[in-house]
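Colleague: I would like to learn how to read domains, interfaces and buried residues in a model. Please take them in turn.

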Amino acid sequence: MKVKLGDIAQLQFGLYTKPTDNGNAAYMQVKYFDDWGNQTNEIDTFIEIDQKNETHLLEDGDILFVGKGMRNFAWTYKSSYGPAIASSIFFVIKVDQSKVLPDFLTTLFNTAQTQAYFQTIGAGSSIPSIRKSELEVFMIQLPTLEMQQKIINIQKLHDKDMALSRKIVTEKQNLYQAVIKNLIYNNEQ
Amino acid sequence: MNNKPITQSEINNIVWKACDTFRGVIDPSQYKDYILTMLFVKYVSDVWKDKKAFYSEKYNNDEVRIQRALNNERFKVPETCTFDYLFENRNEANLGELINTALESMEDANRSKLERVFRNIDFNSESNLGQTKDRNRRLKNLLVDFSALDLQPSHLANNDVIGDAYEYLIERFASDAGKKAGEFYTPSQVSTLLAKLLNPQPGDRMIDPTCGSGSLLIKLSKEVGSNNFSLYGQEINGSTWALARMNMFLHEIDNATIEWGDTLNNPKLLEGDSLLKGNIVGANPPFSLDKWGADNAITDQYTRFHRGVPPQSKGDYAFISHMIASTYHDTGRVGVILPHGVLFRGSSEGKIRQQLIEENLLEAVVGLPANLFFGTGIPATILIFNRAKGENTDVLFIDASQGYESGTNQNRLRITDINKIVETYKAFQQATPLSTELGLVIEDKFAYRATLQEIAENEYNLNIPRYVDTFEEEEEVDIPATQENITILKKELLAVEGQMDNYLKELGF
């Protein structure tokens, strides 16, 4: 089944504000993520929640999607993360969870095919940026909820696989350096 | 009238604002001269006004007595040279010419002090300030901006405020204009460090053969702690030389001798037929100056290059040789800021370096952090030479490369960084020389006391890592634990891969 993104989700812009060093909600910026939507850096910008900005507080399952620049990755917000607000560089996508699972949409957004497509619709003289109207008509191939869940599971397993593989490489490097050093310097007598 | 003393930052702000008049129109390296000259005129005029008011009151408006008293002042300011006069005429069509004439008369009235100081500046220059209409508008803006500034000594917290505003601008221009204007300025903390290392004493004669706008000389004078000193400088760039002159007057150092010319090819600081000698010679010469005049060096009439002629394309050791030749032979000290290459480059430079060390002149080598200077990221080093090392043949090595505060464009030395270096140096001077062949670690990864033998064994290579061990030891790796960890990770990976396989099978792959 093919649907328009706008038919299964609401799109909002993130909040433009000047963050502070402390506050009770994290202010999510692009710099905290790598190109695949993994959070990499410690959050160090915050916002004090008040009446004006509380409507921007992220809800469980909101998808942050970078609308500007060369890296259009997506990330799913989970309420276990704690209170957070997205910066204005993000689109905040609130999906109808009876039709689409947020993690599925995030996985879909982060595939090479979708990424290539976003690069083509980006407009702007120096920084390509995607218009809200264009994003709303983005056609999504929507499998059944069951299939979506399976895709999510595969994606989670893949992430785990990659993380473990990276750890193994690092540990093997450490081991190699230590063994060589040992052989050269500890056997000199 | 507001009698609250003006603060440094108020002055700095007004002056910096005045620069807006010129910004974008002409190059900062040029408009700095206009701004700084006008600041000088304003200062001298205001001091004059202040004194005039003082004497008028003192002598009950007796014109003759007032004039007589004013004639003994530091600067004489004829009526048509005052800032107020220029300000009154700010709408004249020939404003540029009026200012030029005023500067000429000011020079005439103060021959001994201001001779040639305004020679490089032309307020009527079409190429610098635009066509008549534009030019007049800019000059008027300049006068209006400065009119807001009251520099009468009676309104100032202390007179140094002006000199420091001058320094502030010079520093701002250096960072603003990038490399071009950066040539005439050593960052303030670096000259402070050098001045403290050289530790001048009352009565000292201090020389900077490449003095730029004179900030190192001023820093040195401040270290003395009294007015009992004499300053000598030489600068090759005409307009920077003029700045140095004005800078001295603004800091109320009226008897400094600042000469204009090429130090290596035409030293102007002379006593009779030989070089002028001082207790302290400090400088930040241009790094690795090309075409410094090697051709004339062999026949140098002051025999500065008897240890050898430095390479044609790198003048570093030429400046060192000149500086050492400019010190008193029994007590003189030299502090010079140069690129790291002077520590290890071979051929003629290597030979000169070896001789300097064998003559027991080199006292300390300080490696500075990278990115301290305007317009160049390369790390610099400070070499200290001392004629009075006596029995002590050891050389102090300090690796200060890690002690700094990082800034957006430039790194900065903090007061604590400066103090640490200076204290280490002083402690080194007071300690008993080593009697062993091997040197001594003074502070791990920071300071080392090297012996002459050691330096000789290193073939007179002074590269700092040879003396100060800066290798960061990696954390000890527990080999069996790591092996075990890898086994566990592999098992986990295997499990994940198994799950994935099942999934894929289930999905028909």
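Modeller: We go from the chain as a whole to its domains, then to the chain contact and one residue.

Modeller: This is a predicted model, in which local features need pLDDT of at least 70, side-chain atom pairs count only at pLDDT 80 or more, and totals for chains, interfaces and linings use all residues. Residues are numbered from 1 along each chain as its sequence is written, chains are lettered from A and ligands numbered from 1 in the order in which they are written, and side-chain values use heavy atoms, with hydrogens and water left out.

Colleague: How many helices and strands does chain B have?

Modeller: Helices (H or I, at least four residues) and strands (E, at least two) are DSSP runs, numbered from the N terminus. Chain B has 19 helices and 14 strands. Its C-alpha trace spans about 100 × 75 × 45 Å along the principal axes.

Colleague: What share of the residues in chain B is buried?

Modeller: Buried means under 20% relative accessible area, exposed over 50%, and partly exposed in between (1.4 Å probe, protein chains only). Of the 509 residues in chain B, 52% are buried.

Colleague: Which domains does the assignment give for chain B?

Modeller: Domain bounds come from an automatic or database domain assignment. For chain B it lists domain 1 (8-177), domain 2 (188-466) and domain 3 (479-508). The C-alpha centres of domain 1 and domain 2 of chain B are 35 Å apart. Their contact (heavy atoms within 4.5 Å) takes 28 residues from domain 1 of chain B and 20 residues from domain 2 of chain B.

Colleague: How much area do domain 1 and domain 2 of chain B bury between them?

Modeller: The size of an interface is often given as the accessible area lost when the parts come together. Buried area is that loss (1.4 Å probe), summed over both parts. Domain 1 and domain 2 of chain B bury about 2200 Å² between them, with 59% of it on carbon and sulfur atoms.

Colleague: How many salt bridges are there between domain 1 and domain 2 of chain B?

Modeller: A salt bridge is a side-chain nitrogen of Lys or Arg within 4 Å of a carboxyl oxygen of Asp or Glu. The count between these two domains of chain B is three. Arg74(B) and Glu252(B) meet in a salt bridge through their side chains, at 3.6 Å from N to O.

Colleague: What does the contact between chain B and chain A look like in numbers?

Modeller: Chain B and chain A bury about 1900 Å² between them, 77% of it on carbon and sulfur atoms. Each chain's share of the contact is given by residue: 20 from chain B and 20 from chain A. There is one salt bridge between the chains. Glu506(B) forms a salt bridge with Lys150(A), where the closest N and O atoms are 3.9 Å apart.

Colleague: Is Asp316(B) buried or exposed?

Modeller: Asp316(B) is buried, because its relative accessible area is 0%. Asp316(B) lies in helix H14 (residues 316-325) of chain B. Leaving out residues up to four places away in sequence, Asp316(B) touches several residues, including Phe287(B), Leu338(B) and Arg345(B).

Colleague: Which side chain does Asp316(B) join in a polar contact?

Modeller: A polar contact is a pair of N or O atoms within 3.5 Å; within protein, one must be able to donate a hydrogen and the other to accept it, and residues adjacent in sequence count only if both atoms are side-chain atoms. The side chains of Asp316(B) and Arg345(B) are joined by one of 2.6 Å.

Methods
Buried area is the accessible area (1.4 Å probe) that two parts lose on being put together, summed over both.
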